[in-house]
There are 2 protein chains.
Amino acid sequence: MPTNRQFVLADRPTGKPTDDDFDLVEADVPDPGPREVLVRTRYLSVDPYMRGRMRDAESYAEPWDVGDVLRGAVVGTVVESNHPDYAEGDTVTGELHWADYAVADGDSLTRVQTGAVSDSAALGVLGMPGRTAYFGVTDVLEPSPGDTVVVSAAAGAVGSVVGQIAKLGGCRVVGIAGSDEKTDYLTDELGFDAAINYGTEDVRERLGDAAPHGVDGYFDNVGGEITDAVFAHLNVRASVAVCGQIALYNEEDLPVGPRKLTTILQKRATVQGLLIGDYAARFDEATERLVRWVQNGDVEFRETVTDGLENAPDAFIGLFEGENVGKQVVRVESESDA
Amino acid sequence: MPTNRQFVLADRPTGKPTDDDFDLVEADVPDPGPREVLVRTRYLSVDPYMRGRMRDAESYAEPWDVGDVLRGAVVGTVVESNHPDYAEGDTVTGELHWADYAVADGDSLTRVQTGAVSDSAALGVLGMPGRTAYFGVTDVLEPSPGDTVVVSAAAGAVGSVVGQIAKLGGCRVVGIAGSDEKTDYLTDELGFDAAINYGTEDVRERLGDAAPHGVDGYFDNVGGEITDAVFAHLNVRASVAVCGQIALYNEEDLPVGPRKLTTILQKRATVQGLLIGDYAARFDEATERLVRWVQNGDVEFRETVTDGLENAPDAFIGLFEGENVGKQVVRVESESDA
């Protein structure tokens with residue numbers, strides 16, 4: 001009988017999470033009940049929003065309690081099925097555990113159908129991040145051809161797709177990212193019109209050249225001072241999609257900064273929060289488009305793969321250091337297969 | 001020949017404007033050119049947005065230069081007309097001068113048609129403030145019956161109309177204002193469900209009772225800490241119309257406060273700047289509705305009338321002290337009629 005390693009929340013992090021906030025414990029492999037499925041994890045997704053679940057505060061995702069097994073999007077293989085839709089060997093995705101194995105209600109799973117694309121893409125470009133980018137552009141920013149769209153964390157799982165979809169829509173696209181490797185990737189491989197390295201450049205000043213006609217759409221993954229800089233360039237009737245605020249997630253005190261409502265008023269801007277769960281009824285639409293774009297090369301993607309479940313906390317913590325290019329996933333080697 | 005008194009900007013105010021920032025100068029009564037009309041001022045509107053025009057900074061309204069004659073919405077009588085649409089004695093409204101007389105392109109004027117309502121209403125409930133309230137509710141907040149709508153500066157020219165239109169739409173309406181006289185007016189005369197005196201009550205705490213199901217729509221005229229308090233009560237998918245930020249207009253330094261984008265994200269709220277000029281093509285629709293509501297008593301209004309052009313600066317400065325209930329107007333006695 002294989003053992004089942006799983007991560008539990010050892011402590012609520014103070015500031016930036018550390019390894020000590022996570023405990024790897026061993027448990028029995030669970031038995032699936034009626035209509036349940038036992039899944040062996042192949043890939044685990046770590047995402048910035050999980051930081052919010054480690055906090056004891058109401059937000060859009062339920063807070064985790066200390067001692068809870070951490071949860072996240074997983075791509076895995078069905079090992080045992082009591083659900084008519086799934087058989088042993090099927091590849092599925094769903095919200096499961098930071099663990100080797102987990103049991104899920106079969107109705108909560110989705111079959112992975114990524115065509116010629118890798119299975120792990122179901123956690124990135126063809127999963128939640130890709131869909132977030134899709135609805136953020138089509139439903140929130142709604143840019144017109146010729147508009148200038150700026151995206152922060154532009155080399156990340158969501159931002160890289162946002163920029164490419166905006167390019168498909170005929171926009172001028174400017175990405176903001178944290179290293180020259182990333183900005184080169186944006187302009188040289190993904191076709192962004194310009195990219196700004198916020199670590200070495202003055203974002204507000206550089207936007208004057210990179211967005212000479214101002215900013216019509218801003219897809220914000222980071223918040224904080226980068227967002228302050230972009231707000232200074234918003235055009236009249238600009239749209240802002242607020243998708244993430246990673247620059248603030250590790251703050252213990254209420255973050256303060258320049259008040260933005262005056263800018264929103266002066267520019268008659270629309271600033272809208274974006275949460276992918278609100279678009280659940282239209283996931284198929286997004287997946288269909290994304291699969292087509294990826295297959296015909298209109299949307300490219302990268303993944304940063306960390307090997308071993310035991311390294312999941314480091315992969316997660318690395319998100320706040322900007323260590324990943326594209327989607328950060330953890331490849332989980334089940335001990336039973338070792 | 002009567003003289004024409006007119007106010008010029010003597011200095012750009014630092015912080016709260018003072019009398020010294022305004023100069024009353026005498027000039028000749030101007031002659032109207034082709035298609036122009038000479039108008040004698042009867043009522044002059046003073047509005048908070050004018051503070052922005054006194055600042056040397058780009059905004060939605062052109063900045064005034066020191067020495068410029070101040071401009072504002074006026075209701076007046078045609079004294080001389082070179083325009084086919086207007087004859088001596090007609091009552092018109094338009095953006096004219098803080099002055100006894102001004103000349104205007106006839107095409108820029110509108111005939112005052114307030115029915116049984118007073119002519120000065122064309123500066124308030126049937127003018128720019130009323131229309132701002134109308135589009136703010138119908139096009140930005142778009143509340144459903146049963147929603148809770150909160151409005152700040154609720155006893156002012158815009159806020160009082162916002163609340164009454166939301167009540168007509170079946171909403172629970174909570175007003176925030178600065179005196180017991182104002183909160184009594186809101187609940188006892190205008191039919192608001194609750195009103196909070198921000199001068200004596202803790203807005204954030206009181207909203208727990210006044211908006212027990214949270215806030216679905218917030219019409220913001222003030223910004224600053226009152227808005228911080230309302231944001232703490234926003235519901236998921238709340239709408240915020242940013243119409244004014246009077247609490248910040250006299251700040252010399254960039255106002256700072258709690259960052260709001262995290263709340264906007266968590267609540268998937270939509271925050272939109274509202275400027276009435278953007279709705280110019282639909283002014284008739286708004287005026288028609290407002291006239292009907294006022295005539296049948298569905299929308300009530302008050303005016304605070306200051307007598308004498310020479311007192312216009314005090315009336316304007318009083319806006320920042322919250323001295324007015326309803327629309328603040330200045331009744332101008334032309335010297336030629338004295």
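**Entry 1: an inter-chain salt bridge**

I looked first at A:Asp228 in this predicted model, and found that A:Asp228 forms a salt bridge with B:Arg259, with 2.8 Å between the closest N and O atoms. I then placed both partners: A:Asp228 belongs to helix H6 of chain A, while B:Arg259 sits in the loop between strand S13 (256-258) and helix H7 (261-266) of chain B, so the pair joins two chains. I checked the accessibility of each partner as well, and A:Asp228 counts as buried at 17% relative accessibility, while B:Arg259 is buried with a relative accessible area of 15%.

**Entry 2: the Asp278 and Arg268 pairs**

I next followed B:Asp278, which forms a salt bridge with A:Arg268 whose closest N and O atoms are 2.9 Å apart. This pair also crosses between chains, running from the loop between strand S14 (270-273) and helix H8 (283-295) of chain B, where B:Asp278 lies, to the loop between H7 and S14 of chain A, where A:Arg268 lies. I noted that B:Asp278 is partly exposed, with a relative accessible area of 33%, whereas A:Arg268 counts as buried at 12% relative accessibility.

I then looked up the pair with the chains exchanged, and B:Arg268 forms a salt bridge with A:Asp278 in which the closest N and O atoms are 2.8 Å apart. Here the crossing goes from B:Arg268, in the loop between H7 and S14 of chain B, to A:Asp278, in the loop between S14 and helix H8 (283-295) of chain A. At 13% relative accessibility B:Arg268 counts as buried, and A:Asp278 at 33% counts as partly exposed.

I found a further partner for B:Asp278, namely A:Arg237, with the closest N and O atoms of that salt bridge 3.0 Å apart.

**Entry 3: the interface as a whole**

I asked for the totals next, and the rule finds six salt bridges across the interface of chain A and chain B, while a search of the whole structure gives 42 salt bridges over all chains. One network that I noted in chain A links A:Arg5, A:Asp100 and A:Glu310 through salt bridges. Between chain A and chain B I counted 14 residue pairs in polar contact, both residues being at pLDDT 80 or more. On the side of chain A that touches chain B, at least two residues each come from helix H6 (224-231), strand S12 (234-242), strand S13 (256-258), helix H7 (261-266) and strand S14 (270-273) of chain A.

The contact takes 38 residues from chain A and 38 residues from chain B, and the two chains bury about 3,100 Å² between them, 59% of it on carbon and sulfur atoms. In chain A, the residues that lose the most area to chain B are A:Arg259, A:Leu261 and A:Leu265, which together account for 27% of what that side buries.

**Entry 4: the relation of the two copies**

I superposed the chains, and chain A can be laid on chain B with an RMSD of 0.0 Å by a turn of 180 degrees and a shift of 0.0 Å along the axis. That is the relation of a two-fold axis. A:Val271 is the residue of chain A that comes closest to the rotation axis, its C-alpha being at 2.5 Å. I also compared the two sides of the contact, and 100% of the interface residues of chain A are also interface residues in chain B, so the copies meet through the same surface.

**Entry 5: cysteines**

I searched for disulfides and found zero over all chains. A:Cys171 is in none, the nearest cysteine sulfur, that of A:Cys243, being 17 Å away, which is too far for a bond. Both cysteines are buried, A:Cys171 with a relative accessible area of 4% and A:Cys243 with one of 15%.

**Entry 6: helix H9 of chain B**

I looked up how helix H9 (residues 312-319) of chain B is placed, and seven of its eight residues are buried, so the helix is largely enclosed by the rest of the structure. Among the buried residues of H9(B) are B:Pro313, B:Phe316, B:Ile317 and B:Leu319. The buried residues of H9(B) pack against several elements of chain B, including strand S1 (3-9), helix H1 (50-53) and strand S16 (327-331).

**Entry 7: A:Asn250**

I ended with A:Asn250, whose place is in the loop between S12 and S13 of chain A and which counts as buried at 19% relative accessibility. A polar contact of 2.6 Å joins the side chains of A:Asn250 and A:Arg51.

How values were computed:
Residues numbered from 1 in each chain as written. Chains lettered and ligands numbered in written order. Predicted model: local features only at pLDDT ≥ 70, side-chain atom pairs only at ≥ 80, totals over all residues. Heavy atoms only, no water. Disulfide = S-S within 2.5 Å. Buried < 20%, exposed > 50% of the residue type's maximum accessible area, 1.4 Å probe, protein only. Helix = DSSP H or I, 4+ residues; strand = E, 2+ residues; numbered from the N terminus. Contact = heavy atoms within 4.5 Å. Least-squares fit on C-alpha atoms with pLDDT ≥ 70 in both. Buried area = accessible area lost by both parts, 1.4 Å probe. Salt bridge = Lys/Arg side-chain N within 4 Å of Asp/Glu carboxyl O. Polar contact = N/O pair within 3.5 Å; in protein donor to acceptor, adjacent residues only side chain to side chain.
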